[in-house]
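Thanks for coming. I have one model to go through today, and I will keep to helix packing and a few local details.

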Amino acid sequence: MRANILNFNKQHTCHINSDYLVSHQNQVFVAETTDNAPSSGEMKEVKCRVESSKDLESLENVNEKDLIVKRDAKTNSSFLHSVINMIGMLIGLGQLSTPYALQNGGWTSSFLLVSLGVACAYTSHILGKCLQKNPKSKDYKDIGHHAFGTKGRILAESFIYMEIFMALVSYTISLHDNLAAVFSTIGMHMGWSPAAHLSTSQMLTAVAVAVALPSLWLRDLSSISFLSIAGIVMSLLIFVTVAWTAVFGGVKVEYGIPALRVRNIPAISGLYIFSYAGHIVFPNIYTAMNDPSKFTKVSIASFSVVTTLYTSLAFMGAKLYGPQVNSQITLSMPPNHASTKIALWATVLTPLTKYALEFAPFAIEMERNLPDSMKPRTKMFVRGIIGSIMLLIILLLALSVPYFEHVLSLTGSMVSVGICVIFPCVFYMKIYWGEITKPVMILNGGLVAVGVILGAFGAVSSSKSLFQSLQRGHSA
């Protein structure tokens, strides 16, 4: 879900030619060509020295004099590459729940799904406008800082970290649920366990998380940057296999979809919003483009594709499985089909590609706040311990609150709506105050109001449903 991370070691001297792009934790550092730049077609090498005890932080302190990259069509992302990156960012965990959301909200709720796609495409566009206003801004936090100073940065960081944490809880719940489906025929009893009746899926989930745990101790994240690509591939594979099963899986039954279920709209709005959660990475896509002026077209193309895919998948799943559709569409697919097994394993493997990369922003901020006098090995130990504790908390929460749809909806309503809808509009109005027209101001103010309403009602509805599920689970 995040951009690949390229790590520069302490006091490492590197040569960078003109078609080299340095990407670092949702930031892309590009310096303008100097007046003495070579003519077009020539390769210019420059020497840069990065000297810092904080490997992951060092690139943020690089001066334009230290890193000069020729900015041409070869150095940055093309239009097509940017579209692929944004689509890969958007297609993820949320796609599993769209059939469930449509079935429970009614077919008219598809207008809400499409409308949110349009709204999020617009807020992606205005994030690009905010970056254009201040070239020094490189990421979502910088936009918040530009708009409201330190308070804006802290607010943006808080919501980013909350979304990461809650999303990882949802990923772990999905891991648990799909592992249970994969190994549904296996019985396993752990007689030595004090829990006495630890389920197979719970034990396997703990084992899977333990396998991913060492990746949090790595300080050189370039060694695991391939996980970002793997996560995108897994997400796309899930969609393809689900669509293949729906079309060629031999499922003959067709259920009707209710027109509208008003009381379910607040809860499913959180599921829909989470499906479009990706705005914290969009500034990275913007800064990586060779022609940032095309970022709006990239947003329109990407959200058009993703919204079409989500809507198609929602109707396919709801039509095929009806009221029995699971909150994760992979769990409703015919169990003996090869495509189902592929989808289940892709869903199982996806969380394992997320833990280290999702933890990276928190790790960078944590290392920045550690004393400079602390040795690098000590910092690595602190990083690993805190990361392990966080992952253990995530595992315990996922096993204690195994209600995927409620947690995902709560995440979308309480956190993602702020990052995707509310904050971009507020930041944009603050940064461009006095420059934008009254209709645009009304549009952004209206989106903020809608976001607040959907978020508030969705959070209350999801919390209530989650509490009721927990009560039923304890009484069972």
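I will start with the overall numbers, then take one short helix, three helix pairs and a loop residue.

First, a caution: this is a predicted model. The protein contains 14 helices and four strands. Of its 476 residues, 54% are buried. The accessible surface is about 20900 Å², and carbon and sulfur atoms account for 64% of that. If you take the contacts with a separation of 6 or more, 83% of them are between residues 24 or more positions apart.

Now the short helix, H2, which runs over residues 98-105. How many of its eight residues are buried? Eight of the eight are, so H2 is largely enclosed by the rest of the structure. Going along the helix, the buried residues are Thr98, Pro99, Tyr100, Ala101, Leu102, Gln103, Asn104 and Gly105. What do they pack against? The buried residues of H2 pack against H3, H7, H9 and H13. For orientation, H3 is 110-133, H7 is 265-275 and H9 is 295-321. Just after H2 comes glycine 106, with a positive phi of about 95°.

Two of those neighbours, H3 and H9, also form a pair. In general, two packed helices are described by the angle between their axes and the distance between the axes. For H3 and H9, the axes come within 9 Å and cross at roughly 160°. The cut-off for roughly antiparallel is over 145 degrees, which makes H3 roughly antiparallel to H9. The crossing of H3 with H9 is right-handed. On the H3 side, the residues that meet H9 are Ser110, Leu113, Val114, Gly117, Cys120, Ala121, Ser124, His125 and Gly128. On the H9 side they are Phe295, Thr296, Ser299, Phe303, Thr307, Tyr310, Thr311 and Phe315. By class, this contact has eight nonpolar residues, nine polar and no charged ones.

Next, H13, which also takes part in two pairs I want to show. The partner in the first is H4, residues 140-182, with H13 itself at residues 404-431. Their axes are 10 Å apart, at an angle of about 165°. H4 and H13 are therefore roughly antiparallel to each other. The handedness here is left. The residues of the contact of H4 with H13 comprise 24 nonpolar, seven polar and three charged.

The second partner of H13 is H14, residues 438-475. Again the angle is about 165°, and here the axes are 8 Å apart. That makes H13 roughly antiparallel to H14. The crossing of H13 and H14 is left-handed. Sorted by class, the contact of H13 with H14 has 17 nonpolar and 12 polar residues, and no charged ones.

Last, the loop residue. Where is proline 335? It is in the loop between H9 and H10, the latter being 338-352. Is proline 335 buried or exposed? Its relative accessibility is 61%, so proline 335 counts as exposed. Leaving aside residues up to four places away in sequence, proline 335 touches Thr340 and Lys341. Its C-alpha atom is 8.3 Å from that of alanine 181, and the two residues are 154 residues apart along the chain. Alanine 181 falls within the range of H4, residues 140-182.

That is what I have; I can go back to any of the pairs.

Key:
Residues are numbered from 1 along each chain as its sequence is written. This is a predicted model: local features need pLDDT of at least 70, side-chain atom pairs count only at pLDDT 80 or more; totals for chains, interfaces and linings use all residues. Side-chain values use heavy atoms; hydrogens and water are left out. Axes are lines fitted to C-alpha atoms, for helices over the stretch in contact, and angles run from 0 to 180 degrees between N-to-C directions. Angles under 35 degrees count as roughly parallel, over 145 as roughly antiparallel, 65 to 115 as roughly perpendicular and the rest as oblique. A crossing is left-handed if the near helix is turned anticlockwise from the far one by less than a right angle, and right-handed if clockwise. Ala, Val, Leu, Ile, Met, Phe, Trp, Tyr, Cys and Pro count as nonpolar, Asp, Glu, Lys and Arg as charged, and the others, Gly among them, as polar. Buried means under 20% relative accessible area, exposed over 50%, partly exposed in between (1.4 Å probe, protein chains only). Contact means heavy atoms within 4.5 Å. Accessible areas come from the Shrake-Rupley method with a 1.4 Å probe; for residues, only the protein chains shown count as cover.
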